[in-house]
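Student: Before we begin, may I see the sequence and the structure? I should like to ask how each descriptive term is justified.

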Amino acid sequence: MFWRILSRLLWASRGRLLLALLAVTSGAAVCAALVNLDLDAGEKFTREFRTLGANVIVSPEDAQDAMPSMDANVMTRIAALGAPEEGSKQRAAEVVAAAPYVYIAAQTGAQSNPIAVIVAGTWFDQVARMNSFWKVDGQWITQRDDSAHCMVGTNAARELGLTPGSVVTLRYSGREAQFTVAGVVTAGGSEDNQIFVSLPAAQSLAQLGNHVALAQVSVRGSSAMLEDYVRRLSAALPGLEVRPVRQLAATEGYLLDRIRSLLFVTVLLILLLSAMGVLAATAGLAIERRRDVGLMKAIGGSVRRVMRFFLAEALFVAVAGGAVGGGLGLLLSEWIGQRVFSAAIEPRLVVLPLTIAVMIVVALAGALPLRLLGRVRPAEILRGE
Amino acid sequence: MPPIVQADCLTKAFQSVRALDDVSFDVAEGEWIAIMGPSGSGKTTLINILGGLDQPTSGRAVVDGVEVGSLNERGLTRYRSEKIGFVFQQFHLVPYLSAVENVMLAQYFHSMADERQAAEALVRVGLGERLEHLPTQLSGGEQQRVALARALINHPKLILADEPTGNLDEANERIVLDLLCELHDAGHTILLVTHSAEIGRMADRRIELAHGRLAQIAANRR
């Protein structure tokens, strides 16, 4: 009988309940999407942050000597340490990119009127992965050992009158090499004043053998994972200094906390709005139901039994809205993931029961006017008050 | 045999207005009592107190050995579902439940709904063909007959009818009164509020109220 009456009630109030259902469903969808994003946020935001440049620098301990003294083979060990330790269940930091660097104070322009320029030799493929925020007019160089092309910082390009396709001659200690400009780089830092060539080309120009000055490493992982990586790398590379760029790590943590706080506050506001939506819908419903409640109590319905119908209505709205909205929210979070992070957001099924549970609380809170129906006095209703 | 209803100095005041003022009477089991009087004389207030819908300001109302004023909310609910069958002037059916479901609702609040029994109750009041009709699809007389079936389904000790024919045409009034006569003949105790002298004469006794006070108790000649 309970279900029979409940189905009649639901059908009789379908208009108002549909409004409440819409409020709960839309609230549930946005909340589920944000919660799902939040569960993935650490990984996704860290991934995004890792396009903002290196967060670990490896250099010789005694780097006063301007001459590069670090063996380039060190790069292999840096990359290898990014993999989790064998048998370890703990998640390890992941090396996104590692790029060796040599810097040469070279000259360009006419022999009679030379212009000094800083030439950086590096691995273009790694630099591109580490600094995907760089704006490039022209093209990235994709080959690590491309000795025919260079990339030029935007300030240097302006000073030297270089554009993509221009040819530039670099001279160092009586040796010279010619490069075609593949792209002009805007990085917003000192890189804008430099010319980038491949590591072999720079080493050849400056006769450095297989030595590099330093390595920039971009490592993905939590602060603890980063610390762990730095500790292990220091142990594996005696004589070299491994230092995290703490300021960057701290800023990343701060930003992540802020973004999570923003998500949390947004979810709270949406839940509040959903509850208000339910409240608006049930307030009208409560007025319509006063007569029914008074009558039911008059013919022997206990407050508990009568209110069970109306709370079941609110629960139906919560569960239906939470389930549909939760499902839509997971799809929404995938869409947001593609649009914002260009990566798939993994739908976490735990979000679904969580959303339904939260929506039950929201719907019951919003159904306050229905709960007040329990106080209706049948004599007053039957008198027509 | 003790009376089934004992009203002892019943008074009900709404702020400064005394809707009932020191009313006392007894009703024997199986009696049909007509409660009469002009509008505002306290008829409905009396019915509401006896039905456990309202509490007296002072005095006692004892129905089938239960002092209604001493019951708490839970006790009143149980009292209404087990001992009282209400019939209202405005029918007061749940609009989104069919005729049979309206009767089953009273069963559900009492103990357990039984569709077969509810349908039989409607057949007895001549609505066998209208079981699944909603109140809006029934005439006034038919709605009142559903209300009668609902009032009787839990075999109450006392039927309280507040102007049950007040909203009916002559033909339907006749049908409802015939049903009440049948119930009386079957031994049910009925307290019926009416303005109609003709209906009042159908009862065993008339209790007449005026300005909340008991004006007269008169037995009808049969």
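**The interface and the folds of the two chains**

Tutor: This is a predicted model. In the contact between the chains, 22 residues come from chain B and 17 residues from chain A.

Student: Which helices of chain B each supply at least two residues of the side that touches chain A?

Tutor: They are helix 2 (73-83) and helix 3 (99-110) of chain B. Helix 3 of chain B gives the largest share, seven residues.

Student: What is the make-up by class of the side of chain B that touches chain A?

Tutor: That side has twelve nonpolar, five polar and five charged residues.

Student: What makes strand 6 (84-87) and strand 10 (213-219) of chain B edge strands?

Tutor: The open sheet of six strands in chain B has the order 6-7-8-3-9-10, with mixed pairing. Strand 6 and strand 10 of chain B each pair on one side only, and this makes them the edge strands. From one strand to the next, the twist averages 15 degrees.

Student: How do you know that strand 7 and strand 8 of chain B are paired?

Tutor: Pairing requires at least two bridges. Strand 7 (residues 158-162) and strand 8 (residues 189-193) of chain B are joined by five bridges and run parallel, which satisfies that criterion. In one of these strands, strand 8, B:Ile190 is the bridge partner of B:Ile159. Helix 5 (residues 140-152) of chain B packs on the sheet, where it touches strand 6 and strand 7 of chain B. The direction of helix 5 makes about 170 degrees with that of strand 6 of chain B.

Student: Why are the buried residues of helix 6 of chain B said to line one face?

Tutor: The buried residues of this helix include B:Glu173, B:Val176, B:Leu179 and B:Leu180. Viewed down the axis of helix 6 of chain B, the buried residues fall within an arc of 125 degrees, so they line one face of the helix. Those residues pack against helix 5 and strand 8 of chain B. On the other side, B:Glu170, B:Ala171, B:Asp178, B:Glu182 and B:Asp185 are exposed.

Student: How does the span of helix 6 of chain B compare with the span expected at 1.5 Å a residue?

Tutor: Helix 6 (residues 170-185) of chain B has 16 residues and reaches 22 Å from its first C-alpha to its last, close to the expected 22 Å. After the helix comes B:Gly187, with a positive phi near 100 degrees.

Student: Why is helix 1 of chain B called largely enclosed?

Tutor: A residue is buried if 20 or more other C-beta atoms lie within 10 Å of its own. In helix 1 (residues 43-50) of chain B, eight of the eight residues are buried, so the helix is largely enclosed by the rest of the structure. Among them are B:Lys43, B:Leu46 and B:Asn48. Just after helix 1, B:Gly52 has a positive phi of about 75 degrees.

Student: What makes the side chains of strand 12 of chain A alternating?

Tutor: In strand 12 (residues 240-244) of chain A, A:Leu240, A:Val242 and A:Pro244 point to one face and are buried, whereas A:Glu241 and A:Arg243 point to the other and are not. Strand 12 pairs with strand 1 (residues 56-60) of chain A in the antiparallel sense over five bridges. A:Pro244 is the bridge partner of A:Val56.

Technical notes: Residues are numbered from 1 along each chain as its sequence is written. Chains are lettered from A and ligands numbered from 1 in the order in which they are written. This is a predicted model: local features need pLDDT of at least 70, side-chain atom pairs count only at pLDDT 80 or more; totals for chains, interfaces and linings use all residues. Two residues are in contact if their C-beta atoms, placed from the backbone, lie within 7 Å. Helices (H or I, at least four residues) and strands (E, at least two) are DSSP runs, numbered from the N terminus. Ala, Val, Leu, Ile, Met, Phe, Trp, Tyr, Cys and Pro count as nonpolar, Asp, Glu, Lys and Arg as charged, and the others, Gly among them, as polar. Axes are lines fitted to C-alpha atoms, for helices over the stretch in contact, and angles run from 0 to 180 degrees between N-to-C directions. The expected span of a helix is 1.5 Å times one less than its number of residues. A residue is buried if 20 or more other C-beta atoms lie within 10 Å of its own, exposed if 12 or fewer, and partly exposed in between; C-beta atoms are placed from the backbone. The arc is that of the directions from the helix axis to the C-beta atoms.
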